[in-house]
Amino acid sequence: MKSNPLTSYGSTENPWRGPDGSVIACHEKLKVMAENLQELREMALGALEDAVLMGCSEDQVKAVFAEIINQLSTDFEPR
């Protein structure tokens, strides 16, 4: 069975970490991260299902999603 990143990250075994390696332990921050990941997953799944229903290759669409994610960056400076 595949691990679910929505439940594995932020756990004691696999915590979120800051740029300096410190563990993010704030309950509210962990809650926001979990909610954001769930929202992202639902949106991506909806787009993937639409693409497949329109006849697109699931693998190709997933590759495009990965490329989009890999190209993301933020203007925020690490703390």
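Begin with the whole chain in view, where you will find three helices and zero strands, so that the elements read α-α-α from the N terminus onward. Keep in mind throughout the tour that this is a predicted model. If you switch on a surface display, the accessible surface of the chain comes to about 7,000 Å², and 57% of that surface belongs to carbon and sulfur atoms. Buried residues make up 9% of the 79 residues in the chain.

Next, select helix 2, which covers residues 27-53, and show the side chains of Glu28, Glu35, Glu39 and Glu42, which together form a negative surface patch. Glu35, one of the four, has its place in this helix, and you may like to pause on it and ask how accessible it is. Glu35 counts as partly exposed because its relative accessibility is 44%, a value that lies between the limits of 20% for buried and 50% for exposed.

Now move along to helix 3, residues 58-71, and select Glu58 and Lys62, which both lie in this helix and stand four residues apart, about one turn of the helix. What do the side chains of Glu58 and Lys62 do here? They meet in a salt bridge, with a distance of 3.0 Å from N to O, and the structure holds one salt bridge in total. In general, side chains of opposite charge can pair when their charged atoms come close. Glu58 is partly exposed, with a relative accessible area of 36%, and Lys62 is also partly exposed, at 40% relative accessibility.

Stay in helix 3 and select Val61, which has its place there. Is Val61 buried or exposed? Its relative accessibility is 12%, and therefore Val61 counts as buried, since buried means under 20%. Add Ala51 to the selection and draw a line between the two C-alpha atoms: Val61 and Ala51 are 10 residues apart in sequence and 7.3 Å apart in space.

For the last stop, select the cysteines Cys26 and Cys56. Cys26 is partly exposed, with a relative accessible area of 37%, while Cys56 is partly exposed with a relative accessible area of 38%. A disulfide is a covalent bond between the sulfur atoms of two cysteines. How many disulfides are there in this model? With a cut-off of 2.5 Å between the sulfur atoms of a pair, the count comes to zero disulfides.

How values were computed:
Residues numbered from 1 in each chain as written. Predicted model: local features only at pLDDT ≥ 70, side-chain atom pairs only at ≥ 80, totals over all residues. Heavy atoms only, no water. Patch = residues over 30% accessible without salt bridge, like charges linked within 9 Å, V, L, I, M, F, W, Y side chains within 5 Å. Areas by Shrake-Rupley, 256 points an atom, 1.4 Å probe, with all protein chains shown as cover. Salt bridge = Lys/Arg side-chain N within 4 Å of Asp/Glu carboxyl O. Lys, Arg positive; Asp, Glu negative; His and termini not counted. Charge placed at Lys NZ, Arg CZ, Asp CG, Glu CD. Helix = DSSP H or I, 4+ residues; strand = E, 2+ residues; numbered from the N terminus. Buried < 20%, exposed > 50% of the residue type's maximum accessible area, 1.4 Å probe, protein only.
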